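Please look over the sequence and the structure shown below before reading on. The briefing that follows goes through the main features by topic.

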Amino acid sequence: CALCPRLTPVCTIPARANITLPVIRGFHPGDSAGLFETVKQVAATEVPAPKASPFRFEFSAEAADHNTTVLESYDFDLAKVIDDSPGSHNSYGSELRPP
């Protein structure tokens, strides 16, 4: 994708995600010092706290009912829920953010 051209075969961030990324210096294969610097930059990058998710992440009948209602309000289209929840735990790239 346009956000991560080197990762195009594995990148799942859609162009419509509207994500602003910090400028992080890259490195070349075999450049261990560059890799270390890049890892330090990524680790030091400040990210905003996640916003509340429309889903409830608990194992209960109430949570299941609630989550079904959320999905029903989006015609059971999970992509619409994700698109409508930027910055939450279920938004694109959230697996790369600290909890």
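A polar contact is a pair of N or O atoms within 3.5 Å; within protein, one of the two must be able to donate a hydrogen and the other to accept it, and residues adjacent in sequence count only if both atoms are side-chain atoms. With that in mind, the side chain of Ser 53 can be seen to make such a polar contact with the side chain of Asn 90, at 2.7 Å. The model is predicted, and the points below should be read with its confidence values in view.

**Overall make-up**

- The protein chain contains three helices and zero strands, and its elements follow one another from the N terminus in the order α-α-α.
- Of the 99 residues in the protein chain, 18% are buried.
- The protein chain exposes about 7700 Å², and 62% of this area is supplied by carbon and sulfur atoms.
- Among the contacts in the protein chain with a separation of 6 or more, 29% are between residues 24 or more positions apart.

**Confidence**

- The mean pLDDT of the protein chain is 78, and 71% of its residues reach 70 or more.
- Over residues 5-12 the pLDDT is below 50, and this stretch has five contacts in the model beyond near neighbours in sequence.

**Salt bridges**

- A salt bridge is counted here when a side-chain nitrogen of Lys or Arg is within 4 Å of a carboxyl oxygen of Asp or Glu, and by this rule the count comes to two salt bridges.
- One of them is formed by Glu 37 and Lys 40, whose closest N and O atoms are 3.0 Å apart.
- Glu 37 and Lys 40 are separated by about one helical turn, because they are three residues apart in helix 1, which covers residues 32-44.
- Glu 37 is partly exposed, with a relative accessible area of 31%, and Lys 40 is also partly exposed, with a relative accessible area of 41%.
- In the other salt bridge, Lys 80 is paired with Asp 75, and the closest N and O atoms are 4.0 Å apart.
- Lys 80 counts as partly exposed, at 40% relative accessibility, whereas Asp 75 is exposed, with a relative accessible area of 59%.

**The loop between helix 2 and helix 3**

- Which sign does phi take at Asp 75, a residue other than glycine? The phi of Asp 75 is near 55°, which is a positive value.
- Asp 75 is placed in the loop between helix 2 and helix 3.
- Phe 76 is likewise placed in the loop between helix 2 and helix 3, and its phi is near 55°, again a positive value in a residue other than glycine.
- As background for these two angles, most residues other than glycine have a negative phi.
- Phe 76 counts as exposed, because its relative accessibility is 54% and the cut-off for exposed is over 50%.

**Ser 53 and its contacts**

- Ser 53 lies in the loop between helix 1 and helix 2, the second of these helices covering residues 61-73.
- Which residues does Ser 53 contact, leaving aside its neighbours within four places in sequence? Ser 53 is in contact with Ser 88 and Asn 90, and the side chain of Asn 90 is also the partner in the polar contact described at the start.

**Leu 78 in helix 3**

- Leu 78 has its place in helix 3, which is made up of residues 78-83, and Leu 78 is partly exposed, with a relative accessible area of 45%.
- Not counting residues up to four places away in sequence, Leu 78 touches Phe 55 and Leu 71.
- From C-alpha to C-alpha, Leu 78 and Asn 90 are 9.9 Å apart in space, while in sequence they are 12 residues apart.

**A nonpolar patch on the surface**

- Which residues form a nonpolar patch on the surface? The patch is formed by Phe 27, Leu 35 and Val 39, which together have about 230 Å² of accessible area.
- Leu 35, one of the residues in this patch, lies in helix 1 and counts as partly exposed, at 39% relative accessibility.

Technical notes. Residues are numbered from 1 along each chain as its sequence is written. This is a predicted model: local features need pLDDT of at least 70, side-chain atom pairs count only at pLDDT 80 or more; totals for chains, interfaces and linings use all residues. Side-chain values use heavy atoms; hydrogens and water are left out. Helices (H or I, at least four residues) and strands (E, at least two) are DSSP runs, numbered from the N terminus. Buried means under 20% relative accessible area, exposed over 50%, partly exposed in between (1.4 Å probe, protein chains only). Contact means heavy atoms within 4.5 Å. pLDDT is the predictor's confidence in each residue, from 0 to 100. Accessible areas come from the Shrake-Rupley method with a 1.4 Å probe; for residues, only the protein chains shown count as cover. Patches are made of residues with over 30% relative accessible area and no salt bridge: like charges are joined within 9 Å, nonpolar side chains (Val, Leu, Ile, Met, Phe, Trp, Tyr) within 5 Å.
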